[in-house]
Amino acid sequence: MNKVINISKKNNIKEFDALIVGGGGSGMRTSLELAKSGLNTAVISKVFPTRSHTVSAQGGITCAIQSADPNDDWRWHMYDTVKGSDYIGDQDAIEYMCSEGPKAVYELEHMGLPFSRFENGRIYQRPFGGQSKDFGKGGQAARTCAAADRTGHALLHTLYQNNVKEGTNFLNEWFAVDLVKNSKNEITGVIAFSIESGEVCYLKAQATVLATGGAGRIYASTTNALINTGDGLGMTLRAGFPAQDMEMWQFHPTGIHGAGSLVTEGCRGEGGYLINADGERFMERYAPNAKDLAGRDVVARSMVMEILEGRGCGPEKDHVYLKLDHLGADVLNSKLPGICELSKTFAHVDPIKEPIPVVPTCHYMMGGTPTNIHGQAFSRNDGNDFMVSGLFSVGEAACVSVHGANRLGGNSLLDLVVFGRAAGKHINEELKSGGGVENASNEDIELAMSRLNKLNESESGYEVADVKKQLQTCMQNYFGVFRRGEFMEKGVKELEEIREKSENLYLKDKSIAFNTNRVEALELQNLLEVAEATAISAMMRDESRGAHARDDFPERDDENWLCHSLYDPVEKKLGKRDVNFVPKEVEAFPPKMRSY
Amino acid sequence: MELSVSLYRYNPEQDKFPYMKNYKVKKPEKDIMVLDLLNMLKEDDATISYRRSCREGVCGSDGMNINGKNGLACITPLSEVLKGNKLELRPLPGLPVIRDLIVDMTQFYEQYEKIKPFLQSDSEPPEQERLQSPQDRDKLDGLYECILCACCSTSCPSFWWNPDKFVGPAALLQAYRFLADTRDTKKQERLEELGDPFSVYRCHGIMNCVNVCPKGLNPNKAIGEIKSMLLTGSKEDKIKVVGLE
C-alpha cells in the first residue's frame, strides 16, 4: 500500500445493492432484514462482528411488552423518553420506537435471545432510570427486558447467529475510509481496505448504511470500547454533511473509578444506591421521588456536585460509592453476575461485601447524522432539509432523534433493533421500486482515496499516540459534565491546533498486513471530526438542557433552544432545526419543567 | 524495577521467520493489565500488532498466550502472570499467524458455523415471546456467555491435530447451548451431525479448555452432556442412539 493505488481499475470494485458499514447491533439488524430480501447485501466491519461495542451493553432493552406489568403502555414509555430527552427528542420517532418496540423485541426472542424469565415464563423486566407508569403519575415502572446483565452480549451474538443462518455476506476486518460522493451529491459507496491483506477497494452500493456506533474515545475517560472512534460520522463530516445535537454526550453515572468500565444502571434498578463519603444516600436530596433512578444526566450531575463539595470518597475524594451488598449474594449472583466479575477485576472489590467506587464517565453520543425513521440521512441547503440519496444511518451513529438531550437507560438497544429493522425494510422497498444512485466518476473515487493516499505517502509528521492523547485530554478538560463558555473557547482553539497535527500524521510503518497503526491514524482523524463538531456545538448552545450543563447558562431556554442544533462542518457553524412535535397517534407531549 | 517482555514478532513482508523480541519496560507502580502493557509498548513501537476492542473481557478480541497460558490480555493483571520479572507473549497456538499476536481465526469460525449456532424451531413463533420457565432458562447459564475468544480451542491438543474435523470446545459449548434450549426443536438433527468419530469424540477430556476459559465456562462438561445425549438419547425427545453405530 506504499504506492497510490489506482482504484478506478475494474478489479478493485466490489458492487452491492446495499452496503452496511458496521457490524454491531444496528448494522446486523439492518443486514438481517436485507438478507431475507434477496438483495445483494454486505456488512463491512473493522472487527469480527461479535467484537462490536453492542456486546458491552449490560442492563437491558427497554420496551413496554407488558410482562412485569400487564397494564404497561407504550405511551407511558413514550412519555418517559420525551421527558428524558428534555423535550428535544423527535416525537414522531419516539412514538415509532415505543410502539414498534414490542414486535422488535419478540422477534429477538424468536431468534433465540436467551432472555431471563419470570416464573410465568415471560421475559424478565427490571426497573431502570427515568421510567414511570401513567405518564409520570403512577410511580416507578419496570420496563427493561434483560438477559441477566449481559443483554448486549446476548443480543449481538443472537443477531450474528441469525445473520449466519440467513447467509449474510460479511467483509470482516475491513476498514471504511471515506464516502464516495458523485457530482449530484449522492453517496455511491465507500473506499475501504482489508486490514489483513491491505487490498483497497471501492465498495459500490445503491444504498450505504452507516452503522458505525459512537465515538466515546474522544474523551480520556469513557465506558466505550477502544474501537468507538466515530468512523461513520468522520466520513459524513468530511463529505460536508451536517451532524445534529453533537453537544449532547451522556456521562453514565456509574463507570468504575480509574478503569472506566460500565456498571449497569440495572444495579440501581435492582435496589442498589449511591452513597457519599458520609455514607449518605445523597440522591434523596437531588431527586426526592425517583432518587437513584432519576435521569442519567441528573444523577451524574448530582455525583459531581457531591465530589465538588468535598463529600467524595477515597483518598482523593474523587468518586462516590455504589452500594449493592444489602441485596444479598443470591440476587447479585443471579441478576448481576457480570457486574460482580467486572468489579473484582477492575475495582478489586466484591460487591457482595463492599461498595463499588464509581464516577460519571462518558458513555453515549446522543447526536449523530440526522435521519428520519427510515434511516435516510438529511442534509441542509439554504435552510431546507433534503435527503441525501444513497446515504442511511442507524444506531448510535445516527440522530433520528429518539434520545434528544439525554438518553434513557435501555433505550439504546431498542433504538438499534427498531431502526435497523426499519432501515432494512425501507431500503428493500426503495431498491425494488427502482430507486438508486448514479455512478461516481473516476475523479469522485480518487477524491475519496485522498486521505488514505496522503497518510500512506507521509514522510514526516506527528505521532498518532501523541495527538490522540492531546485530543482526549482537551475534550475531557473542557467538555465534561459541567461546561463553561470561556473554557470551551479555549478548547476549541486547542482543537484547531490538534486538527493541524491530525491532518499531518506520520505513518512510519507502511507495511500492508494487519497494520494497526494505519487503522489508528485513520481513526484518530475521525475522532477529531467528532470532537470538533462536539466542541463547537457545545460552545454555541448557550443554555443547559439534558446532558449539556453549563455553569454560565444554568437554565433551560425554551424560547431560543427548544430545537436541534445542526453543525455545518464546512462553515464550522451551528444552525438550528425544528424538533418534531407531531406524533401520529397520540397528542404531543408539551415541554414541562423536568424533575424526578 | 524493570520488566523484561519477550514478544512474538512476525511481519510477513519483512520476516522470513517469526522471532522473539525483547523489550525492557519500567515496572508500573500500579498493577496493570497485560493489554495496558501492550498499549504502552505500542506507543514506543507502533509496529506491534494485536487485536483489541472492549478492554473489559466481553468482546473476545485479545486472546493470546501469556507466559504459556491462553487468556485475555485485557483482564489478566500482571501480578497474576509475571514469572519473576519476565513476561512472554505469543499468539494463540495452533492457528496460522497473520502478524505478531494476530492469528487467522477462519478455522475456528468455520467450526462455529458448522454447529448451526442459531435457534431452530418447527413451530411458528407466537405473537408474543415463546415462554420458557426460569428453571429451563437456567440451563443456558454457563453456555450462552461464550465470547468466541478461542482461548479454549487453541489450547486443545485435539483441535491442534484436527482443526478441520474436530469441532473444538468453543463450538461444542455452543452446540450444547442449543441442545439445552427448550425452545429449539432440532435436537435429533443436531445430534446426528455430531455423531461422527471426529466432531465430538476427539475430545479426550484433557480439560485445557476449562483451565483457560477467561469467562469461567466449562466446555468439557458440555461435551460430556453431548456425548451422553449421543449415547442414550435425550429422554424427553426419545432420541435414538446416534453415532458409534
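1. Let me start with strands E13 and E14 of chain A, which run antiparallel and are joined by three bridges. E14(A) covers residues 356-365, and its A:Ile356 is found opposite A:Leu322. Please keep in mind as you read on that this is a predicted model.

2. E13(A), residues 320-323, also has strand E12 (residues 273-275) of chain A as an antiparallel partner, again through three bridges. Which residue of E13(A) does A:Leu274 stand opposite? That residue is A:Leu322, which I mentioned above as facing A:Ile356 in E14(A). A:Leu322 is a handy place to centre the view if you want to follow both pairings.

3. Elsewhere in chain A you will find an open sheet built from three strands in the order E10-E21-E22, with antiparallel pairing. Its edges are strand E10 (243-244) and strand E22 (573-577) of chain A, each of them pairing on one side only. Between strand E21 (residues 564-568) of chain A and E22(A) there are five bridges, in the antiparallel sense. One pair to look for here is A:His564 with A:Arg577 of E22(A), which stand opposite each other. Helix H15 (residues 516-540) of chain A packs on this sheet, where it touches E21 and E22 of chain A. The direction of H15(A) makes about 130° with that of E21(A).

4. Chain B has an open sheet worth a look too: five strands in the order E2-E1-E5-E3-E4, with mixed pairing. Strand E2 (19-26) and strand E4 (69-72) of chain B each have a single partner strand, so one side of each is left without a neighbour in the sheet. On average, and with direction ignored, neighbouring strands of this sheet are turned by 30° against each other.

5. Staying with that sheet, strand E3 (residues 63-66) of chain B and strand E5 (residues 86-90) of chain B are joined by two bridges in the antiparallel sense. B:Asn65 has B:Arg90 in E5(B) as its bridge partner. Which helix lies across strands of this chain? Helix H1 (residues 34-44) of chain B does, lying across strand E1 (2-9), E2, E3 and E5 and running at about 80° to E1(B).

6. Now to the place where the two chains meet. How many residues does each chain bring to the contact? Chain A brings 60 residues and chain B brings 58 residues. The area buried between them is about 4900 Å², with carbon and sulfur atoms giving 50% of it. On the side of chain A, the residues that lose the most area to chain B are A:Arg51, A:His110 and A:Leu226, which together make up 14% of what that side buries.

7. For the polar side of this contact, the count is eight salt bridges between chain A and chain B. One of them joins the side chains of A:Arg150 and B:Glu145, at 3.8 Å from N to O. There are also 39 residue pairs in polar contact between the two chains, counting pairs with both residues at pLDDT 80 or more.

8. Finally, which elements of chain A give two or more residues to the side that touches chain B? They are helix H3 (91-111), helix H4 (151-166), helix H10 (337-347), helix H13 (464-478) and H15, the helix that also packs on the three-stranded sheet of point 3. H4(A) gives the most, with seven residues. By class, this side of chain A has 26 nonpolar, 20 polar and 14 charged residues.

Conventions
Residues numbered from 1 in each chain as written. Chains lettered and ligands numbered in written order. Predicted model: local features only at pLDDT ≥ 70, side-chain atom pairs only at ≥ 80, totals over all residues. Heavy atoms only, no water. Pairing = 2+ DSSP bridges. Helix = DSSP H or I, 4+ residues; strand = E, 2+ residues; numbered from the N terminus. Contact = heavy atoms within 4.5 Å. Axes fitted to C-alpha atoms, helices over the stretch in contact; angles between N-to-C directions. Buried area = accessible area lost by both parts, 1.4 Å probe. Salt bridge = Lys/Arg side-chain N within 4 Å of Asp/Glu carboxyl O. Polar contact = N/O pair within 3.5 Å; in protein donor to acceptor, adjacent residues only side chain to side chain. Nonpolar A, V, L, I, M, F, W, Y, C, P; charged D, E, K, R; others polar.
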